[in-house]
There are 2 protein chains.
Amino acid sequence: MHSFFNVTDPKEVLGYRTEFPPVAAEKVSLFDAAGRILAVDIVSDLDLPDFVRSTMDGYAVCGASTFGASEANPAYLTVKGSVTMGKKPDILIRAGEAVRIPTGGMLPAGADSVVMIEHSAAIDDTTIEVYRSVAPGTHIVAIGEDIGKGEILLSRGQKIRPQETGLLAALGKKKVCVYRKPRIGIISTGDEIIPINETPNMSQIRDINTYTLSGLVKETGGIPLIFGIVRDEFETLLAKCLSAIEQSDMVLISGGSSVGLHDFTIKVLSCLPATTILVHGIAISPGKPTILAKTQKKAFWGLPGHAASAMVVFTSIVKPFIEQISGLKKRYKKEFRPTALLMRNLSSAQGRIDYIRVRLIQKDGVYWAEPILGKSGLIRTMVEADGLIKIDIHTEGLEKGTEVEIIPL
Amino acid sequence: MHSFFNVTDPKEVLGYRTEFPPVAAEKVSLFDAAGRILAVDIVSDLDLPDFVRSTMDGYAVCGASTFGASEANPAYLTVKGSVTMGKKPDILIRAGEAVRIPTGGMLPAGADSVVMIEHSAAIDDTTIEVYRSVAPGTHIVAIGEDIGKGEILLSRGQKIRPQETGLLAALGKKKVCVYRKPRIGIISTGDEIIPINETPNMSQIRDINTYTLSGLVKETGGIPLIFGIVRDEFETLLAKCLSAIEQSDMVLISGGSSVGLHDFTIKVLSCLPATTILVHGIAISPGKPTILAKTQKKAFWGLPGHAASAMVVFTSIVKPFIEQISGLKKRYKKEFRPTALLMRNLSSAQGRIDYIRVRLIQKDGVYWAEPILGKSGLIRTMVEADGLIKIDIHTEGLEKGTEVEIIPL
């Protein structure tokens, strides 16, 4: 009547990522590009700046005119006029001459540096004193110093942050080619699960997973497609799974995946066309009774029904698969994690990875990670947690005071 | 013709946050609640679970029936039937009896614990062997163990994460009362700035700040309202500022805020009705020529024109103000920052906070922060940066190998 799982090492599970190709690309407005994954390389078609630009308010000069200048012995320069922002100046600067220039203004011919306004004083309308000498190249940006024509500036598979939208704006890209957001189907199963607008009779509970998983999918850059609650009936579940995999790039079904009385998930997945069960059980806790199937070229996950377990599996295992199909390349996946000191000893079973929910507490400028006690199924422990710590597969436990990496929740 | 700033300590600037009240609240669907800030306290109106629930697939028993059981000396129990998910069982369990129960199923009367299916074997249809003894309370969740009726579960000013949506689902909240997203007006000024779809003549540059700032506003939970590029003309700028402050909860204007030839911002802000200039210059680098005005009850910022400087000021100073008007309470603002070792000595001027862009490099399992050289105005340095490090106001510099906190970019 029941079989034990043949659990798979989490590393091996993550290795299956490459079986799932990225989704297609689409063009979006630059305003909507932040947070998306670039689907093309971006090569500069211009020098930036394409003119020599001042980085200060002051006077454009030939540096040589200021050599030896000091408070005690200022250089006297003749002011030939002003540079206007956004206009090419038609003044030629010779030794002993200066022109007023604002930050960002274009240097006139002959000038090679800028004297800061703070290091000068106007004697009259056409004469200034300069108190510091400036070397040629001071307070200017050279042509192409920011961006050189022909350079590869951004790469396919890179996540676009606000600064990358700035760079794309400088290049005049009104539209950007990004991977479309993957659509992630979400199904809840279980005869005890009811929609949240209903009142549970004793023995029923409201559908939590549809909400937690849909929030996590959005955080990961996907679009959740909600398929609702399905009873533990073979034909109904099969029909719902077929419809979900049709409309989605990946499907998450939660509940029913333990070796239990109502374990239809594995049977249903086996009946989907062109499907291989890749994983049935993962060596992690919580989250052991997780299923991964490959249906056509799409991942179909059976997640635990317990909300907290489903969230841990999502964060540690499912998320990298969504990133993979989103086009995010591993080398551009920057995850710099905070660390903290463990607040008490933790034991752990060897042969599996344990994910422990922790609260972070700052004491004397140091972060301490306090394990949250409580049964894994309870949603409350996830609400109280700031993050997870990972106890590795070959580790028996961690001692109080150990520095641990925090996976933020 | 020019005056020096009377720069304000960044701490003092941040202290002005409390001058700006949070925006109003609105109701949103629970599906859209993740990432938003709660505008009410959430009190539980139920016990969760409201029935004694099994956490395992197995057999519900009286623990006492299994005392002393082992592989060598199993306990024999009579199976009285099965618990059906989502239904209240009408079986009474006595000593020596068991009932099949799935994970999440409701314990029948008389049972006080669950034997895992792995620790039992069926002898025939009505008899099982049990190999482990279970204490009363094993593998069950008691009534109210997750959530107790009347408890304050979530508080006003707290950010809603996916797990909080799960908790709200368990409570049956289809709609949630959250602060609405603040609308942040964005204006670019400068005669040299052109829209990104135009081709710059020499001496012009495309509008970068509208894009970087709008991306940062979205990341911070606000809605950017784009007011476009305004020439450095007093009347035009004044009209645009009036219109922006009317439609927005806060306004960011970039460019024109240095003590320069085109410094209209401060003049324009002074002419807005019911306005106080709170700050004119901040002791940070980059970002010194920043202006903060209070117009009616709204913050009006003058940010530097250089894209990188504007981004640093946003991240270090403006962001906490947006969080404040978003209703996020300081005690719920969880910012756990990764640390790294500084890769080379850095000197810094005392009397100001320096923000240094860094690249993070992993070497032998340790993160090193490599300062990025380059002029502050260049957008390229922001694209290359993984984060900022902060050199404090009274610090002369940092030595190679110092552990530094990373502000992620």
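**A buried threonine and the two-chain model around it**

With 20 C-beta neighbours inside 10 Å, A:Thr295 counts as buried, since 20 is the number at which a residue gets that label. The model it sits in is a predicted one, so everything described here is computed from predicted coordinates.

A:Thr295 belongs to strand β20 of chain A. Which residues does A:Thr295 touch, once its neighbours within four places in sequence are set aside? The contacts are A:Ile245, A:Leu272, A:Ala274, A:Thr275 and A:Phe300. Another residue worth a look is A:Leu269: it is 26 residues away from A:Thr295 along the chain, yet 8.4 Å separate the two C-alpha atoms.

The rest of the strand tells a similar story. Strand β20(A) covers residues 291-295, and four of these five residues are buried, so the strand is largely enclosed by the rest of the structure. It also has strand partners. Strand β18 of chain A (residues 275-280) runs antiparallel to β20(A), and five bridges join the two. In this pairing, A:Thr276 has A:Lys294 of β20(A) as its bridge partner. Strand β21 of chain A (residues 298-303) is likewise antiparallel to β20(A), again with five bridges. Here A:Lys294 turns up once more, standing opposite A:Ala299 in β21(A). Between β20(A) and β21(A) the chain makes a hairpin with two residues between the strands, and A:Gln296 takes a positive phi there, near 50 degrees.

Zooming out, chain A holds seven helices and 29 strands. How much of chain A is buried? Buried residues account for 50% of its 409 residues. Many of the contacts reach far along the sequence: among those between residues at least 6 apart, 72% join residues at least 24 apart. As for overall shape, the C-alpha trace spans about 100 × 50 × 40 Å along its principal axes. The radius of gyration of chain A is 31 Å, whereas a compact globule of 409 residues would come out near 22 Å.

The domain assignment splits chain A into four pieces, two of which are built from separate stretches of sequence: domain 1 (10-23 + 181-330), domain 2 (25-48 + 145-179), domain 3 (53-141) and domain 4 (339-408). Taken over C-alpha atoms, the centres of domain 2 and domain 3 of chain A lie 36 Å apart.

One helix of chain A stands out for its cover. Helix α2(A), residues 162-170, is mostly covered, with nine of its nine residues buried. Among them are A:Pro162, A:Glu164, A:Leu167 and A:Ala170. After α2(A) comes A:Gly172, whose phi is positive, near 80 degrees.

Next comes the second chain. How are chain A and chain B related? A rotation of 180 degrees, with 0.0 Å of shift along the axis, places chain B on chain A with an RMSD of 0.1 Å. The two copies are thus related as by a two-fold rotation axis. In chain B, the C-alpha nearest that axis belongs to B:Pro338, at 1.9 Å.

The chains also touch. In all, 82 residues of chain B are in contact with 82 residues of chain A. On the chain B side, the elements giving two or more residues are α2 (162-170), β15 (205-206), α3 (209-219), α6 (307-325) and α7 (379-384). Which of these gives the largest share? That is α2(B), with eight residues. Sorted by class, the chain B side has 38 nonpolar, 23 polar and 21 charged residues. Of the interface residues of chain B, 99% are also interface residues in chain A, so the copies meet through the same surface.

Chain B offers one more set of strand pairings, centred on β22(B), residues 339-342. Three bridges join β22(B) to strand β28(B), residues 403-405, and these two run antiparallel. Within that pair, B:Ala340 stands opposite B:Val404. With strand β25(B), residues 366-371, β22(B) pairs in the parallel sense over two bridges. There, B:Leu342 has B:Ala369 as its bridge partner.

Conventions: Residues are numbered from 1 along each chain as its sequence is written. Chains are lettered from A and ligands numbered from 1 in the order in which they are written. This is a predicted model: local features need pLDDT of at least 70, side-chain atom pairs count only at pLDDT 80 or more; totals for chains, interfaces and linings use all residues. Copies are superposed by least squares on the C-alpha atoms of residues with pLDDT of at least 70 in both. Two residues are in contact if their C-beta atoms, placed from the backbone, lie within 7 Å. Helices (H or I, at least four residues) and strands (E, at least two) are DSSP runs, numbered from the N terminus. Ala, Val, Leu, Ile, Met, Phe, Trp, Tyr, Cys and Pro count as nonpolar, Asp, Glu, Lys and Arg as charged, and the others, Gly among them, as polar. A residue is buried if 20 or more other C-beta atoms lie within 10 Å of its own, exposed if 12 or fewer, and partly exposed in between; C-beta atoms are placed from the backbone. Two strands pair if DSSP finds at least two bridges between them. Domain bounds come from an automatic or database domain assignment. The radius of gyration is taken over C-alpha atoms; the globule rule is 2.2 Å times the number of residues to the power 0.38.
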